[in-house]
Amino acid sequence: MTAHAELAATRIEVELGERSYTVHIGSGVRNTLPDLVAALGAKRAAIVTARPPELLPDLGIPALVLRAQDGEHDKTLATVESTCRQFAEFGLTRSDVVISCGGGTVTDSVGLAAALYHRGVPVVHLPSSLLAQVDASVGGKTAVNLPEGKNLVGAYWQPKAVLCDTDLLSTLPAREWTNGYGEIARCHFIGAGDLRGLPLPEQIAASVALKASVVMSDERDNGRRHLLNYGHTLGHALERATDYALRHGEGVAIGTVFAGRLAAALGRVSEQRAAEHLDVVRHYDLPWRLPAEVGTEQLIDLMRLDKKATSGLAFVLDGAGGPDLVQDVPEQLVVETLAAMPRG
């Protein structure tokens with residue numbers, strides 16, 4: 001992996017052999033899209049965007065523009081089917097390109113559509129939310145939700161490039177910043193170091209560089225990539241329990257505080273290290289209390305559906321040697337730790 005400044009932009013290489021690609025981070029990097037598309041040799045493009053299409057440069061080739069909706073309720077197999085059918089009506093082929101522009105739910109669902117259509121069409125992501133730039137658009141995981149759980153249907157499909165244009169963040173509402181900072185906060189505990197106080201582009205680049213290093217060592221989630229799910233077991237359960245009224249990054253923030261407390265309860269870390277989880281989350285002005293209306297048993301039931309769990313309850317937890325996936329965590333200890341979490 002390399003990261004260096006070039007024309008005020010940062011380039012981070014995700015080195016995966018023939019599936020390698022570059023993540024470009026900086027102001028105006030979306031304007032390199034026509035050159036990227038030309039280099040791919042695409043004759044036509046399908047642009048699926050949750051942002052105004054005029055924000056994207058003219059590609060110089062015939063393009064189908066499909067409007068998308070950011071949000072978990074549209075992250076479904078029905079959305080993927082509709083998208084693929086419109087690809088087919090347009091005559092998209094495997095030698096063309098799909099372009100996504102939106103938040104994490106858009107990059108996830110469009111990435112899955114690109115993976116499935118004709119058994120794989122090249123895709124380029126232009127993440128337009130902080131959460132999508134620091135996490136969702138990088139790494140090749142694509143998925144949609146089922147009524148039974150989050151991200152239960154998906155595929156690995158690496159993009160050809162990711163363009164994290166920081167100009168696209170300028171109009172984000174306050175809650176979208178919170179959503180993204182939840183993913184940045186959890187990076188503190190999985191190897192990124194203390195990012196507090198750094199300029200935002202540097203925090204984005206550090207988060208992407210960390211994810212790239214993990215993906216390069218474990219592309220298909222057989223080991224180290226579990227670390228990226230720090231705070232996510234409870235976070236995903238909270239999203240489902242609130243019918244996604246709680247956003248992903250908000251759930252991850254609460255899940256990060258819980259992970260610190262659970263690690264301390266298991267004797268893996270000190271109380272001081274557990275308290276550091278709360279300090280980092282509060283630095284980013286993130287939620288850290290459990291929603292008052294969500295019951296403990298409901299959360300336990302939802303956490304049993306977590307994809308990391310092979311038996312019982314599983315969490316990525318901090319430890320003396322760093323974070324690790326811990327299987328078969330005693331349910332009673334999880335219940336007690338949840339009960340001790342503040343609510344409100």
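Okay, let's start with a helix pair: α8, residues 248-265, and α11, residues 331-339, have axes that come within 10 Å and cross at roughly 130°. This is a predicted model, by the way, so everything I show is computed from that. With that crossing angle, α8 and α11 are oblique to each other. As for handedness, α8 passes α11 in a right-handed crossing.

So who's actually touching whom? On the α8 side you've got F258, R261, L262 and A265, and they meet L333, V334, T337 and L338 from α11. Sort the residues of that contact by character and you get six nonpolar, one polar and one charged.

Keep an eye on V334, please. Skipping residues up to four places away in sequence, V334 touches F258 and L262, which we just met, plus I300, M303, L313, F315 and V329.

That takes us to the core. The largest nonpolar core in the model has 72 residues. Which residues have the most contacts inside it? Those are V23, L234, L299, M303, F315, V334 and L338. So V334 and L338 turn up both there and in the α8 and α11 contact. And which helix gives the most to this core? Helix α6, residues 200-217, with nine residues. There's also another core, lying apart from this one, with 20 residues, including V48, V98, A113 and V123.

Okay, second helix pair. Here α7, residues 232-241, packs on α10, residues 296-303, at an angle of about 115°, and their axes are 9 Å apart. Again the crossing is right-handed, with α7 passing α10. From α7 the contact takes in T233, L234, A237, L238, R240 and A241, and what they meet in α10 is Q298, L299, L302 and M303. The tally for this one is seven nonpolar, two polar and one charged. If L234, L299 and M303 sound familiar, they were on that list of residues with the most contacts inside the big 72-residue core.

Last stop, back in helix α8, and this time it's E250. Buried or exposed? E250 has a relative accessibility of 6%, so it counts as buried. And what is E250 in contact with, once you leave aside its neighbours within four places in sequence? The list is R175, T178, N179, A245 and P287.

So if you have the model open, turn to α8 and look at both places: F258, R261, L262 and A265, where α8 meets α11, and then E250 with its own set of contacts, R175 among them. That's it from me.

Technical notes. Residues numbered from 1 in each chain as written. Predicted model: local features only at pLDDT ≥ 70, side-chain atom pairs only at ≥ 80, totals over all residues. Heavy atoms only, no water. Axes fitted to C-alpha atoms, helices over the stretch in contact; angles between N-to-C directions. Helix = DSSP H or I, 4+ residues; strand = E, 2+ residues; numbered from the N terminus. Parallel < 35°, antiparallel > 145°, perpendicular 65-115°, else oblique. Left-handed = near helix turned anticlockwise from the far one by under 90°. Contact = heavy atoms within 4.5 Å. Nonpolar A, V, L, I, M, F, W, Y, C, P; charged D, E, K, R; others polar. Core = buried A, V, L, I, M, F, W, Y, C linked by side-chain atoms within 4.5 Å. Buried < 20%, exposed > 50% of the residue type's maximum accessible area, 1.4 Å probe, protein only.
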